[in-house]
Amino acid sequence: MEIKLDKQKVPFSLDHTLDCGQLFRWQKIGDWWYGVAADNVIKLTQNEEGLIFEAFPDTPNRRFIEGYLRLDDDLPSIFSKIGKDEHIQEAIRRFCGLRLIRQEPWECLISYICATYKSIPAIKKMVNTISRCYGKRLTFNCIDFYTFPEPATLAQLTCKDLEGCGLGFRAERIVETSKRVDSGNLSLEALKRMDYVEAKRELLDLPGVGHKVADCVLLFSLEKLEAFPIDVWIKRAATNLYASHFDSSFIKRVSGKGSITPKEYTTIAQFGREYFGNYAGYAQEYLFHYLRTKQH
DNA sequence: AAGTCC
DNA sequence: ACTTT
């Protein structure tokens, strides 16, 4: 199935989008990207006209793909709102067409609990191992893919089971969080209907979820585009590129250490929201990808 | 090295 | 302090 895209009105880069570090389970084989979403293998490629995609085992659903890839976001309008200075403008120039993905909240939540204190390659390994061990297998084009396991599946595991997936101290947090979601103690869908502050308070109550993980889940899967996750790269952006927006004592204190306190986190996140506006999350994603890829 | 917990 | 690539 095809989706035609008007490059001027709907800038989109499949490569930048699926390679930006938001998702951990997509892989490019030849010209095609393969991933699993909504219990289907999705196969995608981009050409001059737009997108071509397939799905398995269900029939391809255009609406789902459009929503998943956030083709409904008016990127030119978002750029005009967040393009406040030369740094973010440079990031937008280099990665124009990078979009946030409308991830499934459950997989997003567990993925970012895994992300604590880990590199992106290590996170990919953990999330793929969890899927291979406890998800359902889908064989497509002679390749095995796996769905992400349901809350009930992970809730029944012991920490020892999951530690075998190389999760370390994250195993206990994942099992406990799975129990809360499986029992209905926390409804991820209900969080979509809450405002940012209320939804974040609920998420922070889960084991393994601090400010950073909560903001990632809110931004990537719960429609809270004002969320501004602060990881090491964004902290670096704040202290290096945007130092003039903070007290010099704050910059000195924060730049000298690896992790930051919740109060310091809130100070930087507040700046992000006030400076970049309602689409701060998009600014975060462009800065993150820009700074992370600058190293190589 | 996309932090959280005690 | 925690854990692994």
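Helix axes are lines fitted to C-alpha atoms over the stretch in contact, and angles between them run from 0 to 180 degrees between N-to-C directions. The model described here is predicted. In it, helix 11 spans residues 196-204 and helix 12 spans residues 211-221. The two pack at an angle of about 125°, and their axes lie 9 Å apart. Helix 11 is therefore oblique to helix 12, because an angle of 65 to 115 degrees would count as roughly perpendicular and one over 145 as roughly antiparallel. The crossing of the two helices is right-handed.

Residues from both helices form this contact. Helix 11 contributes Y196, A199, K200, L203 and L204. Helix 12 contributes H211, A214, D215, V217 and L218. By class, the contact holds 7 nonpolar residues, 1 polar residue and 2 charged residues.

The model also contains DNA strand C, which is surrounded by Y117, K118, K125, G168 and F169. This surface comprises 2 nonpolar, 1 polar and 2 charged residues. Sugar or phosphate accounts for 69% of the strand C atoms within 4 Å of the protein, and bases supply the rest.

Individual polar contacts reach separate parts of the strand. At Y117, a side-chain N or O atom is 3.3 Å from a base nitrogen of DNA strand C. At K118, a polar side-chain atom lies 2.8 Å from a sugar or linking oxygen of the strand. F169 uses its backbone: an N or O atom there lies 3.2 Å from a phosphate oxygen of DNA strand C.

Terms used: Residues are numbered from 1 along each chain as its sequence is written. Chains are lettered from A and ligands numbered from 1 in the order in which they are written. This is a predicted model: local features need pLDDT of at least 70, side-chain atom pairs count only at pLDDT 80 or more; totals for chains, interfaces and linings use all residues. Side-chain values use heavy atoms; hydrogens and water are left out. Helices (H or I, at least four residues) and strands (E, at least two) are DSSP runs, numbered from the N terminus. Angles under 35 degrees count as roughly parallel, over 145 as roughly antiparallel, 65 to 115 as roughly perpendicular and the rest as oblique. A crossing is left-handed if the near helix is turned anticlockwise from the far one by less than a right angle, and right-handed if clockwise. Contact means heavy atoms within 4.5 Å. Ala, Val, Leu, Ile, Met, Phe, Trp, Tyr, Cys and Pro count as nonpolar, Asp, Glu, Lys and Arg as charged, and the others, Gly among them, as polar. A residue is near a molecule or strand if one of its heavy atoms lies within 4 Å of it. A polar contact is a pair of N or O atoms within 3.5 Å; within protein, one must be able to donate a hydrogen and the other to accept it, and residues adjacent in sequence count only if both atoms are side-chain atoms.
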